[in-house]
Amino acid sequence: MRKHTRILAAAMTIVEAIVIISLAGCAGKKVDYGNESESKETKNMSALADIKADSGWNENFTIQTGNGEKTVYVNANIVVPDFDNMSVVEVENVKIDADYKKRFLDLYFGGNEYYYHDPDHYTVDELNKVIEYWQKEQDDTYREWLEQRLAEYRDKLETAKTTYTVAKDLESCEVFAGYKGDVFCEVEFEAHKVHAYALSQSGTDYGPPSLRNEDYDTITQSFQDEDLKDKADETSNEGSKSAASAKKEAGNFLSKLGMQDQVERGECECSWVGFNFEIEKENDYQTAAWGYIYSYATGIDGITFKDGLDRDTYLSVYETNDSDTDDVTLPDSTLLTVTDDGIIDVQLEYPVNVTQIYKDVELISLKNIEQIIKAEITENPDKYDTASSFNKLQLSYLKIRSDSEPGKYSYVPAWALSRMVDYSSERNVIFVNAIDGTIIDLENSL
């Protein structure tokens, strides 16, 4: 049943594609320089080089909890960014409105026409394909859902056209399609996300020539983690472009889109898979490398903010709230796939524009940070789990929401004291603004 369900889900995604994320908020203040009411006394400042030379924080101290006296153990390594100074970077959410849609669509389709491609604008042929496919499905698990969709799509047939409708009112639609050469592509817009991808080429599934020639039931780009560590390898790649030329193409695309503050996070070959739904078929599964994938995010000094104090590292502290679409504190990320047909797959999540950079800000000394954290644990003894020792004190960038301006944030230098759990994630985190010493209480301000 699990295998059949997976195949049905994959097939429905493919057919419907052809014819068919957030933090609610972070605590803390936006750093406003010159506003004394938002700054603590910071007489003992520290250069980043001095902090790097520190051997670590090793200390035990006693606190009084609701369950009696306890000892807090700190045996923390000091983790500091690999550059000389830190900055404060102010950003604002990119508003994905009609103007942004036009700019993206014009760039992605290279000036060619594009069309509405939400279900209300599917052609007669597309609607019939979906209906025909769903009618063949025998899995009762989705029966009620399928019957509802079938009824909806049959109703749409009554007013459907035989050709695509050129998109003019970009405000009223979120899904568009068009051609890049002979490749039929789709672009989906959400409140804080954009995804553009290829649907077909000359009437067949899109993908490497070697897989298209095998007549597989479907060809799809393999799942790629956005944290790409491998270098693009040209030796096994079917594409005609070099990795260097593909990267240049990706950079030009971002620049023309106004995302010049993006920093590269990694790259790899683009992996594709062709498979048949019936495993009994000969050559039921095959993979190939074609094109390259490049990962980016907003950053400074060659370091991306997403690789700093990222929410995915602190799952016990952060929660997402998909209903809050106006205020997103999740870090941005960008994935671009470059094939012989150009920029094909684009995935933008929580894009931002950089509005202001304050270079070389002064930081509170490490000893002061340690005392601030000790005071926080002592004054709030039942807030933190002290059963295990804290073993990591990291300085990086944390995204802080502005109290007064929705959709605007500051990436500020911040310390995070934490302990590892299962060697994969960090828990029980205490965040401190490295500039003014403010405790940043994320958990109670979501």
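This tour visits selected charged and polar side chains, one stop at a time, in a predicted model.

**Overview**

The model contains 17 salt bridges in total. The stops below include several of them, followed by a histidine and its polar partner.

**Stop 1: arginine 143 and aspartate 140**

Begin by selecting arginine 143 together with aspartate 140. Their side chains form a salt bridge in which the closest N and O atoms are 3.9 Å apart. Colour the pair by accessibility, and the two partners fall into separate classes: arginine 143 is partly exposed, at a relative accessible area of 23%, while aspartate 140 is exposed, at 62%.

**Stop 2: glutamate 152 and arginine 149**

Next, display helix H5, which spans residues 143-157, and select glutamate 152 and arginine 149 within it. The two residues are three positions apart, about one turn of the helix. A salt bridge connects their side chains, with an N to O distance of 2.8 Å. Which of these partners is buried, and which is partly exposed? Arginine 149 has a relative accessibility of 16% and therefore counts as buried, since the cut-off for that class is under 20%. Glutamate 152, in contrast, is partly exposed, with a relative accessible area of 35%.

**Stop 3: aspartate 307 and arginine 265**

Now move to aspartate 307 and arginine 265, whose side chains meet in a salt bridge of 2.6 Å, N to O. This pair joins distant parts of the chain, with the two positions 42 residues apart in sequence numbering. Aspartate 307 is found in the loop that runs between strand S13 (303-304) and strand S14 (333-339), whereas arginine 265 belongs to strand S11 (residues 262-275). On the loop side, aspartate 307 is partly exposed at 41% relative accessibility. On the strand side, arginine 265 is buried, with a relative accessible area of 13%.

**Stop 4: a salt-bridge network**

Select Glu92, Glu405 and Lys408 together. Salt bridges link these residues in a network.

**Stop 5: histidine 117 and glutamate 126**

Finally, select histidine 117. Where does histidine 117 lie? Its position is in the loop between strand S5 (114-116) and helix H4 (124-136). Histidine 117 is buried, at 0% relative accessibility. Add glutamate 126 to the selection to show the partner of this histidine: a polar contact of 2.9 Å joins the two side chains.

Definitions and conventions: Residues numbered from 1 in each chain as written. Predicted model: local features only at pLDDT ≥ 70, side-chain atom pairs only at ≥ 80, totals over all residues. Heavy atoms only, no water. Salt bridge = Lys/Arg side-chain N within 4 Å of Asp/Glu carboxyl O. Buried < 20%, exposed > 50% of the residue type's maximum accessible area, 1.4 Å probe, protein only. Helix = DSSP H or I, 4+ residues; strand = E, 2+ residues; numbered from the N terminus. Polar contact = N/O pair within 3.5 Å; in protein donor to acceptor, adjacent residues only side chain to side chain.
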